[in-house]
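Got a model open and wondering how to read it? Let's walk through it together, one feature at a time.

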Amino acid sequence: MYPLIARITHWINAAAMTVMIGSGWQIYNASPLFPFAFPSWLTLGHWLGAALALHFAAMWLLAANFALYLGYGVISGHIRRRLFPLRPREIWHDAMAALRFRLPHDSAQYNAVQRLLYVLVGCGIALAIVSGLAIWKPVQLYPLTLVLGGYEVARRVHFLAMSGIVAFIVVHLTLVAIVPSTLRHMITGRT
Amino acid sequence: MIDPSLHRRGLRRESRRLFLRGTLSIGALSLLTGCNLEDDDAVDRVLSAMSRWNDTVQAALFSRARMAPTYPEADITDPFPFNAYYKLDQVRHVDGAAWRLEVSGLVTERRPWTLADLAALPQASQITRHICIEGWSAIGKWGGVPFRDFLARVGADTRARYVSFRCADDYRGSIDMATALHKQTLLALTFRDAPLPAMYGFPMKLRVPTKLGFKNPKHIIAIEVTNVYPGGFWEDYGYNWFSGS
């Protein structure tokens, strides 16, 4: 059920995202936007310069891998078949079932809540990339930064995108812990 | 804003050019590479190569026609933050009357400049956003001599790759020639229409609104046009050299 490209891009994304989030938290700590800092044991890069070097190296891997997945997923129909349709009635029904712990979590056929969350995290990654570009190059990519509300707003959008991705990861890893067979599927491709 | 002493604490743990040593835990490395690399120099080399690649990308992305956005007076950040590799009470106080600006390297006119010489040149001003590598930003107003006019007056070879700066506070920096010739790059003598206060770099700082704050050296005493990569104070510890905005 998981084609090889989907599995490879999944694991590259997991590694790149780990580096981006860990180094991003260290960069955040240099000038926190909100009245808290991330604990240093959760960050990557032991000072700002190292964290930035990691962030600006791993961003290429993250973006290239994401583009590869999107290109493959759209052209092959993988995304359309696996993640769509998104019907509000089905999502509502499956969300209620999930809250009563009566929703099957199946790698062969995603339920409506899974489909919604995977589409949302895809949008979250896209937003993280776009807002990241906007704060990396607020002069050269000025139109993009402007669309996102200017440099200071784009910083917050970037933080928001990270928060959404992290929230997804928490749910994702919790469900993998509850249904460990999904981990095997994502490695071997077989269900 | 980060306490500069945090930077120093970070730096004390570093030797030059080994800035990334210990960057990744072995666990994170295994995750990245699938094996147990223990040679941190390999990580250093990869990240340094990526930083040079990012210099190339940024140089390609840089457009001399693209102006940094400008703002109305009402948007100026007050008070404008002080930031340096030292604390506010360690700011250097330069004697403006005795100050001379040295010019060297690939130029035809090597005579030193006084403040009066610079003030006599046509002046420009801008209200632009200063973006710190730490993430914060602030809007300020700087006035002074467009750097490209200055480079023309000293007969700089504008085909040279770099312009480097030495400062009275022992800071060093360098920029690419394309940025040096950008219309908004200024040898700034004023802040908010008054002579630069000591904390903002009296008597002269470089104002580059197309680069991060640390690429805007203060208290400049010497300028050199060169083809030999000059590095800089933070760049030598591992900050990306181009650091364009």
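What follows is a chat between a learner and a teacher about helix packing, cores, the interface and some backbone details.

Q: Before we start, what kind of model is this?
A: It's a predicted one.

Q: How do I describe two packed helices, and at what angle do α1(A) and α2(A) cross?
A: In general, you give the angle between the two axes and the distance between them. Here, take α1 (residues 4–30) and α2 (residues 48–76) of chain A: their axes come within 8 Å and cross at roughly 150°. An angle over 145 degrees counts as roughly antiparallel, so that's the label for α1(A) and α2(A). The crossing of α1(A) and α2(A) is left-handed. As for what sits in the contact between them, there are 20 nonpolar and 7 polar residues, and no charged ones.

Q: How far apart are the axes of α5(A) and α7(A), and which residues meet there?
A: Helix α5 (residues 112–136) and helix α7 (residues 151–178) of chain A have axes 8 Å apart, at an angle of about 150°. They are therefore roughly antiparallel to each other, and the crossing of α5(A) and α7(A) is left-handed. On the α5(A) side, look for residues including A:Leu117, A:Val121, A:Gly124 and A:Ala128. On the α7(A) side, the residues they meet include A:Tyr151, A:Ala154, A:His158 and A:Phe168. By class, the contact of α5(A) with α7(A) holds 15 nonpolar, 5 polar and 1 charged residues.

Q: Let's switch chains. How many helices and strands does chain B have?
A: Chain B has 6 helices and 9 strands. Of its 245 residues, 39% count as buried. Now try contacts by sequence separation: among those in chain B between residues at least 6 apart, 70% join residues at least 24 apart.

Q: Which residues of the largest nonpolar core touch the most other members?
A: That core has 30 residues, and B:Leu187, B:Ala188 and B:Leu196 are the ones touching the most other members. Several elements of chain B each supply at least two residues of this core: β3 (137–146), α5 (147–153), β4 (162–167), β6 (186–191) and β9 (220–226). The biggest giver is β6(B), with 5 residues. To get a feel for the surroundings, click on B:Leu196: leaving aside neighbours within four places in sequence, B:Leu196 is in contact with residues including B:Ala188, B:Phe191, B:Phe202 and B:Met204. There's another core apart from this one, of 29 residues, and among them are A:Leu44, A:Leu62, A:Ala161 and B:Val43.

Q: And where chain B touches chain A, how many residues are in contact?
A: People often give the size of an interface as the accessible area lost when the parts come together. Let's use residue counts here: 35 residues of chain B are in contact with 26 residues of chain A. On the chain B side, α2 (26–33), α3 (40–61) and β2 (124–131) give two or more residues. The most come from α3(B), with 5 residues. Sorted by class, that side of chain B has 19 nonpolar, 13 polar and 3 charged residues.

Q: Let's zoom in on one residue. Is B:Gly105 buried or exposed?
A: The cut-off for buried is 20 or more other C-beta atoms within 10 Å. B:Gly105 has 20 such neighbours, so it counts as buried. You'll find B:Gly105 in strand β1 (residues 102–105) of chain B. Not counting residues up to four places away in sequence, B:Gly105 touches B:Glu224, B:Val225 and B:Thr226.

Q: What about backbone oddities: which peptide bonds are cis, and where is phi positive?
A: As background, most residues other than glycine have a negative phi, and most peptide bonds are trans. In chain A, the bond from A:Phe84 to A:Pro85 is cis, with omega near 5°, and A:Pro85 is in the loop between α3 (78–83) and α4 (88–99). In chain B, a cis bond joins B:Asp78 and B:Pro79, with omega about 0°, and B:Pro79 is in the loop between α3 and β1. For positive phi, check B:Asp170, near 70°, in the loop between β4 and β5 (172–176) of chain B. B:Asp170 is exposed, with 11 other C-beta atoms within 10 Å. Then there's B:Arg192, with phi of about 50°, in the loop between β6 and β7 (194–195) of chain B. B:Arg192 is partly exposed, with 17 other C-beta atoms within 10 Å.

Technical notes:
Residues are numbered from 1 along each chain as its sequence is written. Chains are lettered from A and ligands numbered from 1 in the order in which they are written. This is a predicted model: local features need pLDDT of at least 70, side-chain atom pairs count only at pLDDT 80 or more; totals for chains, interfaces and linings use all residues. Two residues are in contact if their C-beta atoms, placed from the backbone, lie within 7 Å. Helices (H or I, at least four residues) and strands (E, at least two) are DSSP runs, numbered from the N terminus. Ala, Val, Leu, Ile, Met, Phe, Trp, Tyr, Cys and Pro count as nonpolar, Asp, Glu, Lys and Arg as charged, and the others, Gly among them, as polar. Axes are lines fitted to C-alpha atoms, for helices over the stretch in contact, and angles run from 0 to 180 degrees between N-to-C directions. Angles under 35 degrees count as roughly parallel, over 145 as roughly antiparallel, 65 to 115 as roughly perpendicular and the rest as oblique. A crossing is left-handed if the near helix is turned anticlockwise from the far one by less than a right angle, and right-handed if clockwise. A nonpolar core is a set of buried Ala, Val, Leu, Ile, Met, Phe, Trp, Tyr and Cys residues joined through C-beta atoms within 7 Å. A residue is buried if 20 or more other C-beta atoms lie within 10 Å of its own, exposed if 12 or fewer, and partly exposed in between; C-beta atoms are placed from the backbone.
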